[in-house]
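Biologist: Could you take me through this model? I would like to start with the strands and then turn to a helix.

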Amino acid sequence: MINLILFGPPGSGKGTQAHKLADRYNFLHISTGDLFRHEIGHNTELGLEAMSYISKGLLVPDEITIGMLRKKMEEDHDVAGVIFDGFPRNVLQSEALDELLAERDQRISALIALDVDDEEIVNRIMERAKTSGRPDDADEAIIRNRIEIYKAETTPVFDYYAQDNRSHKINGVGDIEEIFSRLSELIDSLPA
Ligand code: AMP
C-alpha cells in the first residue's frame, strides 16, 4: 500500500490533482474538507459543529477531525493506496495519522507539497468561489485567515515528514496537466 499526503495551501489544487491521481493509480482519495462538506450537506450533528469553524476559516478541532478520519479508514476499500488531501493539518494530526497507519502495519510513503504563492492562491480561490458555492471561498478576509493558519499550524507538517526525507516539493503553478505530470513523475520514482 502506498500512502501519500498531497500537501499545500488552500487553493493550491490539491483536490483536483488528488482526484486525477486516485483515478490513475487506483488510490482512495480522502479529503477531510469533502467529508465535512458531506456531513454539512446532510445536516448531521458533526456537520453543524464543523460548519461553525469552517465558516470562519478556522480548523475544526482535532478530536472531531481525527475521529471522522478514523471512521473513513475503517471502511473496506480495494485500492492500491490512499491519498490524503487536507489532512494532516497540524503536527498532532500527523502523529495521529502515523498511529492509525501503524495499527495497519503501514506508513506514509511520501508527502508532496504543491508550491504556490499567496497572491496566486487568493486569486484562484476567489475564482473558484464563483462556482464552488463554498462560503469560506467567497470572502477575502476568511481566505487570508485560512492562509495564515496554514502557515502557522500546517507548514510544520512538511518539516515533520522531512526529518526522514519523506517530504517533497513540486511547482504548483502551471496548467492542470503539467502539474499532474510533475506529480506522476515523482510518484513513479518513489521506492516501492
Ligand atoms: P479544504 O476543503 O481542505 O480546504 O477544507 C475546508 C475546511 O474544512 C478548512 O478550512 C477547515 O475549516 C476544515 N478542515 C478540513 N480538513 C481539516 C483538518 N485536517 N483539520 C481541521 N480542519 C479541517
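The questions below concern a predicted model.

Biologist: Is strand 1 largely enclosed or open?

Modeller: Strand 1 covers residues 2–7. Buried here means under 20% relative accessible area. Of its 6 residues, 5 are buried, so the rest of the structure leaves strand 1 largely enclosed.

Biologist: Which residue in strand 4 stands opposite Phe7?

Modeller: Strand 1 pairs with strand 4, residues 110–115, through 4 bridges in the parallel sense. Within strand 4, the residue opposite Phe7 is Ala113.

Biologist: And which residue of strand 3 stands opposite Ile5?

Modeller: Strand 3 spans residues 81–85 and runs parallel to strand 1, with 5 bridges joining them. In strand 3, the partner opposite Ile5 is Phe84.

Biologist: Within what arc do the buried residues of helix 8 fall?

Modeller: Helix 8 runs over residues 176–188. Its buried residues are Ile179, Phe180, Leu183, Ser184, Leu186 and Ile187. They line one face of the helix, because seen down the axis they fall within an arc of 160 degrees.

Biologist: Which exposed residues does the face turned away from that buried side carry?

Modeller: The buried side has its cover, which includes strand 1, helix 1, strand 4 and strand 5. On the face turned away, the exposed residues are Glu185 and Asp188.

Biologist: At the start of helix 8, which residue's backbone nitrogen does a side-chain oxygen of Asp175 reach?

Modeller: Asp175 contributes a side-chain oxygen at the start of the helix. That oxygen comes to within 3.2 Å of the backbone nitrogen of Glu177.

How values were computed
Residues numbered from 1 in each chain as written. Predicted model: local features only at pLDDT ≥ 70, side-chain atom pairs only at ≥ 80, totals over all residues. Heavy atoms only, no water. Buried < 20%, exposed > 50% of the residue type's maximum accessible area, 1.4 Å probe, protein only. Helix = DSSP H or I, 4+ residues; strand = E, 2+ residues; numbered from the N terminus. Pairing = 2+ DSSP bridges. Expected span 1.5 Å × (residues − 1). Arc of directions from axis to C-beta. Contact = heavy atoms within 4.5 Å. Polar contact = N/O pair within 3.5 Å; in protein donor to acceptor, adjacent residues only side chain to side chain.
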